[in-house]
Amino acid sequence: MTRPPVNDWSTDFDHLDPRWVENPYPIWDELREKCPVAHTERFRGVYFPSRYEDVRAVAYDTEHFSSRRIIVRETPPPRIPAPPITSDPPEHRPAKNLLLPAFTPDAIREHEPRTREICARLVAGFAGKAGCDAAADYAQEIPVRVIAVMLGLPEEEGDRFRKWIHEILEAGITRPDILMKAMGETSAYFQAEIDNRKSAPREDLITQLSRATIDGQPITEDHLLGALRLILIAGIDTTWSAIGSCFWHLAQHPDDRRRLVSQPELIPTAVEEFLRAYAPVTMAREVIKDVEIGGCPFKAGEMVLLSFPAANRDPRMFPDADRVVIDRKANRHAAFGLGIHRCIGSNLARMEITVALQEWLKRIPDFHLDPAAKVTWSEGTVRGPRKLPVLFG
Amino acid sequence: VTLKVKVDRDKCQGHARCAALAPELFALDELGNAREKGDGTVPEALAEKAYLAKANCPEEAIEVEEKA
């Protein structure tokens, strides 16, 4: 689809513009200095704070900014609850506490051996070839399988899950019909899985959540479906994007790559830096009460793009913000958000990214971008490479 | 100088960076939120880790108190 071209990012930005999709960092760097809170009339009015402190201020301010809409769309659909990500206080806390125990570092550690096995199997599938698509053949295959295992669904359902995610997070931004169809399909799919477990409970997250209660009351069917849809959607293309960006970086920075091969103990620190520099997720908020942040008035009814990726590149917060420093010591990055909506899956994502790097680098220490092919990027809420052809050696 | 770490439980959102970087000083509860171990006293050998945890907390929920 062609969109009207952008002439001024400060007053008419468009996060679906091909230049923004391809390489947003120079645009954000310029905005941060010239117009730290940009605005557009597109999408029925959206603000874009680009400085860390303003992003943090919006994230912490649940009085003026609501999570009931978290994706900027051309036409807002009827509200689709996916608690807790779409919840505000006071409903947010109990909805989040329901999910947290399954995602603590200790709980996630139990999924590490299976994740390692999945990664090793994928690497073995292409390590003997001249190269592969590191996004399509590797990064995208990891989180989808791990989430399927956690929920108790077949690992092979990946294609179906990815289609829904694309429809809900990308195609659905401009096409409400596609969005609503995917919502209907995911609800029917999960409903059938919930029903199956009523007669035959299993050791999985779907069974566990279908028995969940808040204040002694079973959660509603809508709450359960919303939470399951959230786990499916939020856990897959986000981590896939983060893993892809690590490989995009390492394919172009042989020094960093060699260092991680010779000092694998540095990988967790490097993962934090990749998360900072290439944070995949931009959330949104709806302004529900007029307020001023960073000297800029925010009008109720409009949306805010809450760009953790832009915050993470703010030189006021991070020295050499535009450089990837894989042993950066102080790294208070906001890749998983700030405040009450901190990503529930952060410990899972960190484990998956770390294991994905470890297993690949063990077998394939040398690789570079295929000069004959083009890297493509996703657009919208989650940023990451969708095609990443690399050659080995 | 003796160091003591303290997690502000109202600010902590469970990013779990402190427990990853300084597991000797911080523990997580069943929801994954952090608190200092014991009374937060930092053995001399762990001083650097205490400051590292503070510098990596996205919510700025960690205090390192210096007592003469």
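Here are some questions and answers about a predicted model.

Reader: Hello! How many residues of chain A are in contact with chain B?
Author: Welcome! The two chains bury about 1600 Å² between them, 45% of it on carbon and sulfur atoms. On the other side of this contact, chain B takes part with 18 residues. For chain A, the number of residues in contact is 22.

Reader: Which three residues supply 33% of the area that chain A buries against chain B?
Author: Chain A and chain B bury about 1600 Å² between them. Of the area that chain A buries against chain B, no other three residues supply more than this trio. They are Lys329(A), Arg332(A) and Arg342(A).

Reader: How far apart are the closest N and O atoms of Arg17(B) and Glu272(A)?
Author: The rule finds three salt bridges across the interface of chain A and chain B. Arg17(B) and Glu272(A) form a salt bridge, and the cut-off for such a pair is 4 Å. Their closest N and O atoms are apart by 3.5 Å.

Reader: Which helix gives the most to the side of chain A that touches chain B?
Author: Between chain A and chain B, the count is ten residue pairs in polar contact. The elements giving two or more residues to this side of chain A are helix 4 (52-60), helix 5 and helix 18 (346-363). With three residues, the one that gives the most is helix 4 of chain A.

Reader: Is Glu74(A) buried, partly exposed or exposed?
Author: Let's place it first: Glu74(A) lies in the loop between strand 3 (65-66) and helix 5 (92-99) of chain A. Its side chain has a polar contact of 3.4 Å with that of Arg3(A). The relative accessible area of Glu74(A) is 26%. Buried means under 20% and exposed means over 50%, so Glu74(A), at 26%, counts as partly exposed.

Reader: And what is the relative accessible area of Thr2(B)?
Author: Thr2(B) belongs to strand 1 (residues 2-7) of chain B. Leaving aside residues up to four places away in sequence, Thr2(B) touches Thr41(B), Glu65(B), Glu66(B) and Lys67(B). Thr2(B) is nevertheless partly exposed, with a relative accessible area of 41%.

Reader: How far apart in space are Thr2(B) and Val42(B)?
Author: In sequence, Thr2(B) and Val42(B) are 40 residues apart. Taken C-alpha to C-alpha, their separation in space is 7.2 Å.

How values were computed: Residues numbered from 1 in each chain as written. Chains lettered and ligands numbered in written order. Predicted model: local features only at pLDDT ≥ 70, side-chain atom pairs only at ≥ 80, totals over all residues. Heavy atoms only, no water. Helix = DSSP H or I, 4+ residues; strand = E, 2+ residues; numbered from the N terminus. Buried < 20%, exposed > 50% of the residue type's maximum accessible area, 1.4 Å probe, protein only. Polar contact = N/O pair within 3.5 Å; in protein donor to acceptor, adjacent residues only side chain to side chain. Contact = heavy atoms within 4.5 Å. Buried area = accessible area lost by both parts, 1.4 Å probe. Salt bridge = Lys/Arg side-chain N within 4 Å of Asp/Glu carboxyl O.
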